[in-house]
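Q: I am new to this structure and would like to go through it step by step. Could we look at it together?
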Amino acid sequence: MAEAIYWPTVFFWLFAVIACAFAVAVVLCANIVRMAFYLVLSLAATAALFFLAGADFVGAMQLLIYVGGTLVLLIFGVMLTSQDRFVSMKTSREEMSIAILVGACLLAVLVWAAVSVPDWNGLGRAAAEALPLEPTAAPIGMGLLGARVDAPDRSGYLLIFEIISVHLLVVLLGAAYLARAQQKRSSAVG
Amino acid sequence: MNVLILANLFDRFDLTQPVGVSHYLIVGAVLFVCGALCMATKRNALGILMGIELVLNGANLNFIAFGSPYLRSDANTLGLDGQLMSLFVIVLAAAEAAVALAIALNFYNSFSTIDVDRADQLQG
Amino acid sequence: MNPETALPNLLLAALLLPLLSFAVISIGYSVPQYLGIRTQYATQKYAAYIAIGAIVTGFVLSAYALFAVWLPTHPLEVAAHHAAHNNGPPTYVTGDWYLLGQFGKLTLSIGYYIDTLTVTMFCMVTLIASCIHIYAFGYMHDELHEYTDHEVTLDDGQHLHRRGRFHRFFQYFSLFSFSMLGICVSGNLAMTFVFWELVGICSYFLIGFYIERQSASTAANKAFIVNRIGDFGMLIGLMAIWSTLGTFNFGDMQDAQGNVVSHGIFSQLHDANHHYNLAPTDSMIAFEARDEVAAAVIAAPDNPVAAMNEVARKLRADKAHPWGHWLLFVAGVGIFCGCVGKSAQFPLHTWLPDAMEGPTPVSALVHSATMVAAGVFLVGRVYPIFTPEALLVIATTGCITLFLAATIAITAVDIKRVLAYSTISQLGFMMLALGLGGWLAGLFHLITHAFFKSLLFLCSGSVIHAVHTNDMREMGGLRKKMPITAYTMLIGCLAIAGVGVPFLAGFSGFHSKDLIVEQALSHWNANAAKTGFAWLFFVVPLATAGITAFYMFRLWYMTFAGEPRDHHRYDHAHESPQVMTGPLVVLAVFAVCAGWSFPSWAPGALANFGIANLLEQARPVGTLATTSGVLFPDLTIPSEHIAHAPEMFRTIKVPAGLAAITAALLGILLATVVYLWKSISAESLARTLRPLYTLSWHKWWFDELYDFVFVRPTLAIGALVAVVLDRGLIDGIIHALAAIGKGLAVIVSVVGDRFIIDNGVDKLAAETWNVGLALRAVQTGRLRQYVMFIVVGTVVLFLIASVWRYAVAG
């Protein structure tokens, strides 16, 4: 007889469709604000997908940083660079068609690569259901500090953590400098 | 071989079985392609930025998929490495978005437009 | 003292001393001058001292060789007067000093052949050379300071000023002495030929001493070239001798035990088996009878040499055909050709008058006493190889020469030219004498002529030195100003005229000329019956003797007697310094007494000492008997002793002696009448005999004839070759090649360089630029396009990677 529905798969499909659809919507939309909104939804769906894959910490971070931080920043940018409403920045149809063609090719290649490895077809249901659910926050945190508790024979990520931190600092400084208010419009090139 | 792939293709839509890495990869691919298209076609600088975000997200999905113990046997997964890498990508994406935004603002301040087609001063 | 070893060493030393002097002077003076270092005039005198010292020492050695080595072992005898049999070879010492090389049977060596003639020649040459060296020391003093040559005008009209080259004169003089002594001592014909050429070169140097003068340098060229023409014939003669006799040596070479190892040319041609008469060798007969020899050799192939000898023996007995004589004739005439060139005989006599361009000591030594005498000496040396027919050729040549030169001398006004033509004439006398069978007469005259001719030249040099002109028309009455010169020259004139008391004694020329005339008369006697021309050989020399006396005394009267014709020159004239007059006196003494001989009761080596007796001792083999020609059977060459035989006294000696002295006195009388007493004016005489005068004045137009026949065609051919061949053809080819090269270069430059390379490079550069420009279009600056490229690139990479992996995996 037919087996019972495996609900994670259903949820996967739901969020996958949402993510893809809104991603496509981002491409096709012309309005920047609407694009931002669609992006938010797409990224949120992606976060859900993360949760479904067992990466709860990363999913949370996705929502926090990406959706809550980066995209808000993007919105701010949109606001700061708003232009006359009647200025249209649509791409021409020829460019769009070529782009879609190329994109389709790329998609085909990637899809074909994705399905060509047998190991990636998924675990059996029984095996999947037998797996324990473990939160990942603590191991990730420990890993970032250099101690790998999940796989002791692998290296920690302390150095990368530090670099990333400094990197963020530098980026903030740089971005603050780059986006400073120009005193005189005439010397805007400098 | 093609027949096998086609057969596999229909198996993918089976709701009773857990999904595998390939499903995530396809979603990631879609997101990636959309992001690439965004980057390629949008005239608005912030549109391009959004494309970049999409691309990075697609990549993140891949990482998570490869690192998830629920999608394939434990022996082959990246384990926590995948999630950590994904984390770093997110952080870097945020940083890069900040910088890109700063550049876009600077550009807007210089040219009072956000149309990247106007940024052709480096043409040969 | 053993003559076998002492003589070669003494004569070698005398031979090499002048060469050493030449080397020392060259290294000491010429080499530094060549390197640019100037030698002081004061030190140049030492060159003369070295040269004089060398030649005087050479004379001392020669005299020692003659008196202390040769004569004690070969005492002189008064010549016997019977001519029954032909004489055997004289006593001689021969050997090799240095073997140069061996080519099959032929050995080339530096060797010696010393007999009385050699030693006598050595003494004569070194004595005269010493006198002239000392004389030249005074004569050439002009070269001891800056010399202004008035006969050379430069382009700007100035006369040439140059450094004096005193040392060079003595350098050449020493080399010449060495060369002449080399001819005298030479032991084989090849060595003679080498020294022959060496003498020619020294003559060239010395004639061209004043090389900046056009006349002097052309005269030097003329002398050398005319000599070479004669040498061509000499080479033919040498070839004929070598190819048949197989050797060049004069004498027989002996080994240590005294056995004859190889026969020289004399003993081969005058075999003892043939009573020392001249007979062609078997090889000569075989050469002429090549066909018969070839047939005999084919008939008897196993012993070709015996077959050849058999043929030769058979043919020798064949009286109908003179086998081998033609070759012998050719050999003799060939060698005589060289003597014609060297001794300025007709037709190669034109160089000697021009050779007077050299300084007077050169004329005295080279062109009167020694070099020109070398031709006569060689004829005397190789006398045994001359057949009677060859001797006839020699006599004819001499006869023509002596008459021709004497007639030209009558009208010459240059004092040295008169003496030059006189030299040619006297050489003709010597050749005539030799050709008539008078071997002793010819060589006797050679030696006496050397003394008085060098005396005459030195005196003329003294005169020229005093009045600074050669032209006798500007002289006159000089005997009051230069007595020593005048009276020594008078002695010379008397000697050359042959003045003396008949049948008793006289000046040196008297004795030798008498012998010649006697031999001529004897020859006429012997040939009168059968030939119609023999009287010429007596009458012509006799007449010429008269002419000789005439022009010699003409010279003396014009120069020393009468009133001075140019008072300016007369006033400046002065006697020469003692260094110049001393040799004059010495030579005058010899000019007087060279013909005399010591009596038999004189002590030691001086018993019978006299040139005639010396030469008689050196008489070559087979030259004594009367011979008849073979190719020309009517010709008879009488023995020389017939003329002196007591029974022929009335037939030969009396008429000849009287005729000779009469001719001489007539000549002197005529000269006195015309030039001293001036009873007959010379100008009216010349006008009366205008055709003869013109012929004599223009030297029988020989120079013009040779110029027209030989010189102009040669120069024309040379010009033709130069213009047509050299400039036209060869230069044309070269120019064409150069033009082709240039054309090719232009083509390569235009086509290759400009079209292909330049265009190529330019096009390449342009294309690169265009490509760059084209590629520029890619850089649109449009961000989205770049992203598109990235995406497309990614897709392609993915495809490639997948396909590759697919292909590899699958």
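Q: Within chain A, what share of the contacts with a separation of 6 or more comes from residues 24 or more positions apart?
A: The model is a predicted one. In chain A, 43% of the contacts with a separation of 6 or more are between residues 24 or more positions apart.

Q: What is the secondary structure of chain A?
A: Chain A has seven helices and zero strands. Read from the N terminus, its elements follow the order α-α-α-α-α-α-α.

Q: And how much of chain A counts as buried?
A: Chain A has 190 residues, and 34% of them count as buried. The area that chain A exposes is about 11,100 Å², with 72% of it supplied by carbon and sulfur atoms.

Q: Let us turn to chains B and C. How many residues does each bring to the contact?
A: Chain B brings 15 residues and chain C brings eleven residues.

Q: How is the size of an interface often given?
A: It is often given as the accessible area that is lost when the parts come together. For chain B and chain C, the buried area is about 1,100 Å², and 61% of it lies on carbon and sulfur atoms.

Q: Which element supplies the largest share of the side of chain B that touches chain C?
A: Helix α2 of chain B, residues 21-41, supplies the largest share, with four residues.

Q: How many salt bridges cross that interface?
A: The rule finds zero salt bridges across the interface of chain B and chain C. The number of residue pairs in polar contact between chain B and chain C, with both residues at pLDDT 80 or more, is also zero.

Q: How many salt bridges are there over all chains, then?
A: The search of the whole structure finds 25 salt bridges over all chains.

Q: What does Arg43(B) pair with?
A: Arg43(B) and Asp117(B) form a salt bridge through their side chains, at 3.3 Å from N to O. The pair links distant parts of the chain, 74 residues apart: Arg43(B) is in the loop between α2 and α3 of chain B, while Asp117(B) is in the segment after α4 of chain B.

Q: Is Asp117(B) buried or exposed?
A: Asp117(B) counts as buried because its relative accessibility is 19%, and the cut-off for buried is under 20%.

Q: Now chain C. Which residue forms a salt bridge with Asp149(C)?
A: The partner of Asp149(C) is Arg213(C), and their closest N and O atoms are 2.9 Å apart. Asp149(C) belongs to strand β3 of chain C and Arg213(C) to the loop between α5 and α6 of chain C, so the salt bridge ties together parts that are 64 residues apart in sequence.

Q: Are those two buried or exposed?
A: Asp149(C) is buried, at a relative accessible area of 0%. Arg213(C) counts as buried as well, at 9% relative accessibility.

Q: What about Arg473(C) and its partner?
A: Arg473(C) forms a salt bridge with Asp471(C), and the closest N and O atoms are 3.0 Å apart. Arg473(C) is partly exposed, with a relative accessible area of 45%, whereas Asp471(C) counts as buried at 17% relative accessibility.

Q: Which residues are joined into one network by salt bridges that share partners?
A: The network consists of Lys222(C), Asp354(C), Glu357(C), Arg417(C), Lys699(C) and Asp703(C).

Q: Moving on to strands: how do β1 and β2 of chain C run?
A: Strand β1 of chain C (residues 93-103) and strand β2 of chain C (residues 106-114) run antiparallel and are joined by nine bridges. Phe103(C) has Leu106(C) in β2(C) as its bridge partner.

Q: What lies between the two strands?
A: β1(C) and β2(C) form a hairpin with two residues between them, and Gly104(C) in the turn has a positive phi of about 65°.

Q: One more topic: where is Gln426(C), and what does it touch?
A: Gln426(C) is in helix α15 of chain C, residues 415-435, and is buried with a relative accessible area of 0%. Leaving aside residues up to four places away in sequence, Gln426(C) touches His445(C), His449(C), Lys453(C), Ile496(C), Lys513(C) and Thr548(C).

Q: And where is Gly442(C)?
A: Gly442(C) is in helix α16 of chain C, residues 439-467. Gly442(C) is buried, with a relative accessible area of 0%. Beyond residues up to four places away in sequence, Gly442(C) touches Met430(C), Ala433(C) and Leu434(C). The C-alpha atoms of Gly442(C) and Phe429(C) are 7.5 Å apart, and the two are 13 residues apart in sequence.

Definitions and conventions. Residues numbered from 1 in each chain as written. Chains lettered and ligands numbered in written order. Predicted model: local features only at pLDDT ≥ 70, side-chain atom pairs only at ≥ 80, totals over all residues. Heavy atoms only, no water. Buried < 20%, exposed > 50% of the residue type's maximum accessible area, 1.4 Å probe, protein only. Contact = heavy atoms within 4.5 Å. Areas by Shrake-Rupley, 256 points an atom, 1.4 Å probe, with all protein chains shown as cover. Pairing = 2+ DSSP bridges. Buried area = accessible area lost by both parts, 1.4 Å probe. Salt bridge = Lys/Arg side-chain N within 4 Å of Asp/Glu carboxyl O. Polar contact = N/O pair within 3.5 Å; in protein donor to acceptor, adjacent residues only side chain to side chain.
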